[in-house]
Amino acid sequence: MATTVRRRLVGKDMECETASETASETATSREPSPDIQHEAASPTVKIVHKRPRTRKRKTTAIFLLGSLFGIIAAGFFAKSNDLIDLPLPELKELSMDSLFEVLPAGFVKEMRDLVNGERDFIESDDAFSVGLKMRAEGLSADHPIVMIPGVISTGLESWGTSELSLPYFRKRLWGSWTMMRALVMDKEMWKRHIMLDKETGLDPPGIKLRAAQGFDATDFFITGYWIWNKILENLASIGYDPTNSYTAAYDWRLAYANLEVRDHYFSRLKSYIEQAVFLHKKKVVLTSHSMGSQVLFYFFHWVASEKGGKGGQYWVERHVDSWINISGCMLGAVKDVTAILSGEMRDTAQMNAFAVYGLEKFLSKEERAEIFRAMPGISSMLPMGGNAIWGELDWAPDDQSGQGHSYGSLLNFRTGQNGSTIPDRNFTIEDAMDYILNTTDDWYRDQVRGSYSHGVATTSAEVEANENDPRKWINPLETRLPLAPSLKIYCFYGVGKLTERAYFYRAPDAGTTRHLNMTIDTTLTQGHVDHGVILGEGDGTVNLMSLGYMCNKGWKMKRFNPAGSKITVVEMPHEPERFNPRGGPNTADHVDILGRQNLNEYILRVAAGQGDTIKDFIASNIVEYAAKAKVYDE
């Protein structure tokens, strides 16, 4: 692909998709624990709640916005004169030296420490290696393939012609060096562009940001910081090109209904799939990652509905061969709660003091919460299933034996704290959701309640009725899979990486915020609590219950999969190379998994019509956890 040229210029392997950790932490059974261990019944997986003895995480990218580490990292990868020679007109007035002068020292030091350890790996992985191996085995392009990226991985470029926007016309204000320049030098202008209108959920007056299109929209976040590029390289190796593959990029800030209202996204996706089937005489393979899996699940309902694409109930059966669901956050992510509530998550809670100071100077937690709320698409990842999936105050399906503190107690408040803003009891997920909607502004509450639903349908009749309610289309516990008996679904996701599961909160320090009622209690570190964060199982970003419940149990219930579509599940244990910041070929990190070797092999096998050679592999205790969830057959 043409994008390979950019990859060679500066290097590779830097990513800012969703607040993933670096490879310095892992929760595999091989790790000794000097602290507290909670073992599940199965000997396959051991979840270790401890403070890692390895070096402190350096890539503290903030979920959804990223921190400035991810934004400025490519500058460190460039050798002495690389940035001068690169075609980066956005930086003509902003040299790296001048940028470092205005950045807080904590940010610069953190990034220098990270990159000193990463530079050795920039050119270590062989490009195209998986694809060339598959081609040697006789695999070739068969089905047309459509890729739906995850949250924030699509670049957003300005098409506005107002006086404010003209300097940035057709420049990316998300996912480029222009973003870095704008954020550092003109933050208020950048915020005005990146935030949607709070009342309409659409473009603010005079502002027009649109998703970049084509493979360039998602291959790299910034130069040298790959996302989908490795998959594109390997697909090209077995015969894929722009005539039989397509990236369906979208504006991840929008509520799903508004993707169609403003951008006609689902209509264009439907049209492309129909054209591909007509031209190639083959049904398509749909490949989605993270939030993209939620978008695709919504599309399945939209395309069939008379309220949407009017394709009829068997449109998917006629047009889609397979759905490859990579790290899909099908039931949301716990960290989305704290992002909306206080602009925080594990990545910000565990930053060192210098980095916290720098981050607060650039984007305070109050500003971050405001930005998150003004992107209704982000709220699509608020957890679904309520207490039936996520637990009660004294119980959760993924609790470990002897754990003491239940994951079901999601937000916790220490007794004896001063501050009238702090609740007098702990919160379950349902309590936390109610609190958010009751304490945020009317515009935010209306956007969420008008766009999404988070419950559980208990009967087939209820599921069928929900097919007529677009608010339900995002939730696989309230709606069903398409009526497509020949549809094959492949769930590929990572396991064995510590993932935030619950929190301790406190009142904000006096005078630090005007609109936030609480903040993560980063002063609390004891036992299984690290800087106010309680860790559980997942891929470093999305919790195991969200990654695996529907694939391993939910879609085996008749009311959620009435046509009996076949589900194949492959869990991928997190086995990173110790000193490789992206984890290497066996990482299972939420984003870096896109470069994992066997994931790329599986994608190619499905696209080449050999998906039936892939067998189930379960490495975690998800089957046991799913059985404990309080969602039952009729």
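**Exercise 1.** Is the link of Cys491 and Cys551 left-handed or right-handed about the S-S bond? Establish also where the two cysteines lie in this predicted model.

*Solution.*
1. Begin with the number of such bonds: the structure contains one disulfide. Its partners are Cys491 and Cys551, with an S to S distance of 2.2 Å. This value satisfies the criterion that the sulfur atoms lie within 2.5 Å.
2. Next, consider the rotation about the S-S bond. The angle is -85 degrees, and the link of Cys491 and Cys551 is left-handed.
3. Locate each partner in the chain. Cys491 belongs to strand E11 (residues 488–495), while Cys551 belongs to helix H22 (residues 544–552). The two are 60 residues apart, and the pair links distant parts of the chain.
4. Finally, examine accessibility, for which buried means under 20% relative accessible area. Cys491 has 0% and is therefore buried. Cys551, at 1%, is likewise counted as buried.

**Exercise 2.** Which residues of helix H7 meet helix H8, and at roughly what angle do the axes of H7 and H8 cross?

*Solution.*
1. Two packed helices are described by the angle between their axes and by the distance between those axes.
2. Apply this description to H7 (residues 177–185) and H8 (residues 187–194): their axes come within 5 Å and cross at roughly 125 degrees. H7 is therefore oblique to H8.
3. Identify the residues in contact. From H7 these are Met179, Ala182, Leu183 and Met185; they meet Lys187, Met189 and Trp190 of H8.
4. Classify these residues by character. Six are nonpolar, one is charged and none is polar.

**Exercise 3.** Why is helix H23 described as largely enclosed by the rest of the structure?

*Solution.*
1. H23 spans residues 597–607, and eight of its 11 residues are buried; the helix is therefore largely enclosed by the rest of the structure.
2. Name the buried residues: Leu599, Asn600, Tyr602, Ile603, Leu604, Arg605, Val606 and Ala607.
3. Consider what follows the helix. Just after H23, Gly609 adopts a positive phi of about 85 degrees.

**Exercise 4.** How many helices and strands does the protein have, and what percentage of its 634 residues is buried?

*Solution.*
1. The secondary structure consists of 24 helices and 16 strands.
2. Of the 634 residues, 67% are buried.
3. For the surface, the protein exposes about 22300 Å², of which carbon and sulfur atoms supply 50%.
4. For contacts, take those between residues at least 6 apart in sequence: 77% of them join residues at least 24 apart.

Key:
Residues numbered from 1 in each chain as written. Predicted model: local features only at pLDDT ≥ 70, side-chain atom pairs only at ≥ 80, totals over all residues. Heavy atoms only, no water. Axes fitted to C-alpha atoms, helices over the stretch in contact; angles between N-to-C directions. Helix = DSSP H or I, 4+ residues; strand = E, 2+ residues; numbered from the N terminus. Parallel < 35°, antiparallel > 145°, perpendicular 65-115°, else oblique. Contact = heavy atoms within 4.5 Å. Nonpolar A, V, L, I, M, F, W, Y, C, P; charged D, E, K, R; others polar. Buried < 20%, exposed > 50% of the residue type's maximum accessible area, 1.4 Å probe, protein only. Areas by Shrake-Rupley, 256 points an atom, 1.4 Å probe, with all protein chains shown as cover.
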